[in-house]
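Trainee: Could you take me on a close look at one part of this structure, the place where protein meets DNA? I am new to this, so please explain the terms as you go.

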Protein chains: 2
Amino acid sequence: MKLTKNIPARTIERMVLYKRLLSDLLSKGQKTLFSHQLAALAHNTPAQVRRDIMTIGHEGSPHKGYDIASLITRITAILDGSKDRSIALVGVGNLGRAILSYFTYRHPGLTIVAAFDTDDSKVDRVISGCRCYHIREFETKVRELDINVGIITVPATQAQNVTDMMVAAGIRGILNFAPVPLKVPDTVCADRIDIASSLEKLAYFADHLKQHE
Amino acid sequence: MKLTKNIPARTIERMVLYKRLLSDLLSKGQKTLFSHQLAALAHNTPAQVRRDIMTIGHEGSPHKGYDIASLITRITAILDGSKDRSIALVGVGNLGRAILSYFTYRHPGLTIVAAFDTDDSKVDRVISGCRCYHIREFETKVRELDINVGIITVPATQAQNVTDMMVAAGIRGILNFAPVPLKVPDTVCADRIDIASSLEKLAYFADHLKQHE
DNA sequence: TACTTACTGTGAAGCAACTCACAAAGACAT
DNA sequence: ATGTCTTTGTGAGTTGCTTCACAGTAAGTA
């Protein structure tokens with residue numbers, strides 16, 4: 001695979017979606033599709049789809065469209081989805097446990113292999129198939145299990161501390177559920193999922209979207 | 001408050017964050033701040049902060065900066081955060097329950113007032129302070145409790161059905177945890193939170209971000 | 001009073017993502 | 001063959017958010 005330079009984040013997000021949609025179609029026996037069909041499934045435009053596929057260096061043929069199997073292969077290669085990802089979760093509270101149970105065995109290629117907490121009553125328990133360790137073992141386990149993505153589900157006040165610890169341990173991607181922005185060096189990628197913020201934003205648009213045509 | 005026309009979604013997201021950061025400062029007794037201080041807390045630039053504040057029609061003074069209390073008031077007015085929001089959740093599975101427990105009593109102004117499921121064993125139970133109803137009562141309860149935001153935590157196969165039901169019941173904002181994009185009329189605002197996708201994206205950037213200065 | 005300093009408000013420039021619109025090309029019909 | 005139809009690939013244009021850079025301004029200083 002040629003080294004495609006700098007694919008924009010938005011495109012990567014859509015690739016993840018395309019991959020899932022295409023895999024569905026493939027498992028139903030469909031072999032090819034056109035840009036407008038994928039666009040309908042992804043709720044965007046044919047032009048967007050074609051541009052995206054062009055961006056990752058793949059091509060289709062004007063009369064058959066895109067070959068689903070080879071497109072999946074290409075996207076997978078881009079996303080590096082071939083190799084299994086080991087993920088660590090820090091903060092075994094309500095949300096942490098929910099993510100563990102929600103996640104386990106459901107997402108091939110993405111596995112939460114270790115959870116961490118400061119609470120001794122949680123240490124060594126196995127929650128939804130995932131063992132809990134004391135947070136002081138974090139760096140050791142990260143190295144041992146070759147983890148490079150971390151999930152943060154600790155209270156806001158501790159999120160930055162945990163982040164710094166993750167960065168020090170060599171984590172390169174952080175998914176943060178705490179409602180604070182994290183400071184990370186630019187060799188590390190951090191994303192925030194904040195349910196309360198999302199709801200507030202939604203509440204705003206629920207009121208301000210046009211009420212009529 | 002004057003009708004500010006069309007504040008971009010990105011700005012609204014930052015407003016939600018600013019509001020939280022400013023409230024923290026206010027409760028610590030701070031009265032005013034400068035754009036560069038808020039920028040540091042929000043991890044963006046002073047110019048961005050000033051532009052945002054300008055966009056919502058507020059202003060500061062060159063020597064004292066912005067008045068925190070009045071800025072919060074303004075943001076709250078914009079976000080309509082004064083009135084309490086009633087929220088419905090559909091799909092009382094692992095994730096649904098986690099969100100209920102994670103959310104309850106923690107977010108003033110945002111309350112999940114009713115949960116819905118098809119499973120009779122869940123109906124009438126109270127989970128984390130929130131009562132479950134059978135989904136056939138959805139529209140009735142939505143009207144009764146004046147709900148206009150909904151959370152979807154059902155399996156992907158049912159997400160669109162639930163969405164259509166929500167739209168029919170008059171819901172205007174939908175937060176979707178199922179890994180499929182939803183089709184909604186443009187009078188309704190839908191947002192997707194997909195943990196698996198986020199992790200895949202993160203995994204990609206964990207590998208592709210620059211390794212060194 | 002005049003000078004310095006530090007900040008805001010904002011027009012204009014810069015960027016990045018999205019869309020348009022059309023040339024090129026294969027399939028099929030006649 | 002020749003023409004028609006449909007769809008791809010893509011340069012160019014557009015849109016919308018972000019950043020720059022500087023005039024305007026008020027407080028502090030002497």
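Mentor: Happily; here is a walk along the two DNA strands, one after the other. This is a predicted model, in which local features need pLDDT of at least 70 and side-chain atom pairs count only at pLDDT 80 or more, while totals for chains, interfaces and linings use all residues. Residues are numbered from 1 along each chain as its sequence is written, chains are lettered from A and ligands numbered from 1 in the order in which they are written, and side-chain values use heavy atoms, with hydrogens and water left out.

Let's begin with DNA strand C. A residue is called near a strand if one of its heavy atoms lies within 4 Å of it. There are 20 residues around DNA strand C, and His63(A), Ser35(B), Arg51(B), Glu59(B) and Gly60(B) come nearest. Sorted by type, the surface has five nonpolar, eight polar and seven charged residues. Here Ala, Val, Leu, Ile, Met, Phe, Trp, Tyr, Cys and Pro count as nonpolar, Asp, Glu, Lys and Arg as charged, and the others, Gly among them, as polar.

Which elements supply at least two residues each to this surface? They are helix H1 (9-27) and helix H3 (46-55) of chain A, together with helix H2 (35-42) and helix H3 (46-55) of chain B. Helices are DSSP runs (H or I, at least four residues), numbered from the N terminus.

On the DNA side, 59% of the strand C atoms within 4 Å of the protein belong to sugar or phosphate, and the rest to bases. Some polar contacts (pairs of N or O atoms within 3.5 Å) show this nicely. The side chain of Arg10(A) has an N or O atom 3.2 Å from a phosphate oxygen of DNA strand C, and a polar side-chain atom of Gln48(A) is 3.4 Å from a sugar or linking oxygen. Arg50(B), in turn, places a side-chain N or O atom 3.0 Å from a base nitrogen.

Now for DNA strand D. Of the 21 residues around it, Ser35(A), Arg51(A), Glu59(A), Gly60(A) and His63(B) come nearest. Sugar and phosphate make up 58% of the strand D atoms that come within 4 Å of the protein. A backbone N or O atom of Gly60(A) is 2.7 Å from a phosphate oxygen of DNA strand D, and a side-chain N or O atom of Tyr66(A) is 2.8 Å from a phosphate oxygen of that strand. The surface near DNA strand D holds six nonpolar, eight polar and seven charged residues.

Notes
A polar contact is a pair of N or O atoms within 3.5 Å; within protein, one must be able to donate a hydrogen and the other to accept it, and residues adjacent in sequence count only if both atoms are side-chain atoms.
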